[in-house]
Amino acid sequence: MSKLVDNFGRQMDYVRLAVTDRCNLRCQYCMPAHGINIVPRQELLTFKEMYRLIRVLTELGVNKVRLTGGEPFVRRDFVGFLEMLSYNDLLDAINITTNGALISHHIDKIEKLEKVKNINLSIDSLQRDKFAKITRRDVFPEVYKTFELLEQSSLNLKLNVVVQSGFNTDEIVDFVKLTRDKNVAVRFIEEMPFNGKGQRDMKENWTFNKILNEVKTVFSVDEIQSEKSSTSRNYKIDNHLGTFGIIPAFTRTFCNDCNRIRITSTGTFKNCLFDDGVFNLRDFIRKGASNNDLKELFLYLVKDKPENGFIAEANRKKGNVSESMSTIGG
Ligand code: SAM
Ligand code: SF4
């Protein structure tokens, strides 16, 4: 079987697919208060098209998919799509990133889907008022309920916490305290300028080291072994049930081992989060491309994956990074 290998010898086995650009929240670091200009429905990939693209990719060695958005559960019958994807026998894992505001009543059903293993729940504050300020919606009680249900479920749970200067840095230690009694992996993410406008004014730059030092003011931590392609460096604290990690999303120190490609909700293929889109797969398949055409295309596109996110950013034709993460699929 031909594999998706780039010019640096990295093999792609993980695809992140945004199933929609729509979202029920308005997180400050992701989009403006009035939201983004969502595309007409017919410009979104259909579930059938997504299934087909993923199937072709799995025939080229991809074995994991992360479904994201926008908010995946905003898309009608997303759970049906999870069932549909589960039929792909070449897929080992279907992971989901969600804001958790709409999923509490779906958890039982999702648990029964064998391939759905990991859920990343985004939660940037443990305080209702602050949560509402960050997301511009007052849904903390529902998201926290989802958190508790997921923690008790059979799914592996990770919490995504975007560290935002001036908003939630005083809660870094509180999030780590959660790992004492809860079997959860908290992951702090450096904020990136994917918010519909570009870099926000920040009082301080909360980089990987600064976040780690903040935890160390209270806890003594041990680093744990992470998978080679992991985006986070992970740590454990003695007698804590869970773990925590830090994702250097902005300082980008993990690119050497990148195994990921992306497809946006409108079918744009991306080799890197920081590139500005490489090819429109939706138009290609709607013009009648066969699965073999798609395979050849993927093998060709992946070759040119930029060495790292800085090079991808420098090569952009559409100017500085400013698009909303909800259109890319974070
Ligand atoms: N709506 C879902 C959610 O919030 O989990 C899935 C899509 S969201 C774009 C995926 C992840 O990207 C979330 O964990 C979110 O916190 C993160 N994210 C969004 N904008 C970001 C930014 N500017 N910098 C860093 N992370 C960001
Ligand atoms: Fe929506 Fe997720 Fe973006 Fe927040 S981070 S606005 S929940 S897509």
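This section describes the sheet, the helices packed on it, the surroundings of ligand 2 and the position of Ser86 in a predicted model.

The sheet is open and consists of 12 strands with mixed pairing. Their order across the sheet is S7-S8-S9-S6-S5-S4-S3-S2-S1-S10-S11-S12. Strand S7 (222-224) and strand S12 (279-280) form the edges, each pairing on one side only. Within the sheet, strand S5 (residues 156-163) is joined to strand S6 (residues 185-190) by six bridges, and the two run in the parallel sense. Leu159 has Val186 of S6 as its bridge partner.

Two helices that lie across strands of this sheet are considered here. Helix H1, spanning residues 47-58, lies across strand S1 (14-18), strand S2 (64-68) and strand S10 (260-263). The angle between H1 and S1 is about 170°. Helix H7, spanning residues 208-216, lies across S5 and S6, the parallel pair described above, and also across strand S8 (233-236) and strand S9 (243-247). Relative to S9, H7 runs at about 155°.

The shell around ligand 2 contains Cys23, Leu25, Cys27, Tyr29, Cys30, Met31, Gly70, Asn99 and Ser326. By class, six of the shell residues are nonpolar and three are polar, while none is charged.

Ser86 belongs to helix H2 (residues 78-86). Leaving aside residues up to four places away in sequence, Ser86 is in contact with Ile94, Leu113 and Lys115. The C-alpha atoms of Ser86 and Val62 are 14 Å apart, with a sequence separation of 24 residues.

Technical notes
Residues are numbered from 1 along each chain as its sequence is written. Chains are lettered from A and ligands numbered from 1 in the order in which they are written. This is a predicted model: local features need pLDDT of at least 70, side-chain atom pairs count only at pLDDT 80 or more; totals for chains, interfaces and linings use all residues. Side-chain values use heavy atoms; hydrogens and water are left out. Helices (H or I, at least four residues) and strands (E, at least two) are DSSP runs, numbered from the N terminus. Contact means heavy atoms within 4.5 Å. A residue is near a molecule or strand if one of its heavy atoms lies within 4 Å of it. Ala, Val, Leu, Ile, Met, Phe, Trp, Tyr, Cys and Pro count as nonpolar, Asp, Glu, Lys and Arg as charged, and the others, Gly among them, as polar. Two strands pair if DSSP finds at least two bridges between them. Axes are lines fitted to C-alpha atoms, for helices over the stretch in contact, and angles run from 0 to 180 degrees between N-to-C directions.
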